[in-house]
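Q: Please take a close look at the aromatic pairs in this predicted model. Which rings pair, how are they arranged, and are the residues concerned buried or exposed?

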Amino acid sequence: QVRLVESGGGLVQPGGSLRLSCAASGRTFSSAAMGWFRQAQGKEREFVAGIKWSNGGIYYAESVKGRFTISRDSAENTVSLQMNSLKPEDTAVYYCAGSSFSGPYYPPQRAGSYDTWGQGTQVTVSS
């Protein structure tokens, strides 16, 4: 079983940056893709970005394109999310997730396609 631990959340002013990291341990070879999701208070969990372990295929939600960058370090079994130009509407609990299955080119974007989840880290964008 894969275990995921997020870090890097916090409070930042609008326009600022944060970098989230997700460390994977355990049966990491069973994961085909990793994703970042977020859930704001009172809202459903939504896909933010994902990346395939094998070929590095990446997919972003429209709301974060051009501002967020997902990357992976296969040697360290870590996935990071660099978040720039943060907006108050980016405020949410951010979750790292692993999927055992993935399409040939892009990571899955549905939460139901991910079978392992981290505990979440709070990101608050406020002045």
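A: Both F37 and F47 are buried. For F37 the relative accessible area is 1%, which is under the 20% limit for a buried residue. In this predicted model, the search of the whole structure yields 7 aromatic pairs. One of them joins F37 to F47: the ring centres are 5.5 Å apart and the planes meet at 80°, so the arrangement is edge-to-face, given that an angle over 60 degrees places a pair in that class. Because F37 belongs to strand β4 (residues 33-39) and F47 to strand β5 (residues 46-52), this contact ties together parts that are 10 residues apart in sequence.

F37 also pairs with Y114. Here the centres lie 5.1 Å apart and the planes are at 75°, so this pair is likewise edge-to-face. The contact links distant parts of the chain, since F37 is in strand β4 whereas Y114 is in the loop between β9 (92-99) and β10 (116-117), 77 residues away. Y114 has a relative accessibility of 5% and therefore counts as buried.

These residues belong to a wider group: ring pairs connect F37, F47, Y59, Y95, Y106, Y114 and W117 into a cluster. Two members of the cluster, Y95 and W117, also have a charged neighbour in R45. R45 is positioned over the face of Y95, 3.9 Å from the ring centre. The charged end of R45 also sits over the ring of W117, at 4.7 Å from the centre of that ring.

Terms used: Residues are numbered from 1 along each chain as its sequence is written. This is a predicted model: local features need pLDDT of at least 70, side-chain atom pairs count only at pLDDT 80 or more; totals for chains, interfaces and linings use all residues. Side-chain values use heavy atoms; hydrogens and water are left out. Rings of Phe, Tyr and Trp (its six-membered ring) pair if their centres lie within 6.5 Å; planes under 30 degrees apart count as stacked, over 60 as edge-to-face and the rest as tilted. Helices (H or I, at least four residues) and strands (E, at least two) are DSSP runs, numbered from the N terminus. Buried means under 20% relative accessible area, exposed over 50%, partly exposed in between (1.4 Å probe, protein chains only). A charge sits over a ring if NZ of Lys or CZ of Arg is within 6 Å of the ring centre and within 35 degrees of the ring normal.
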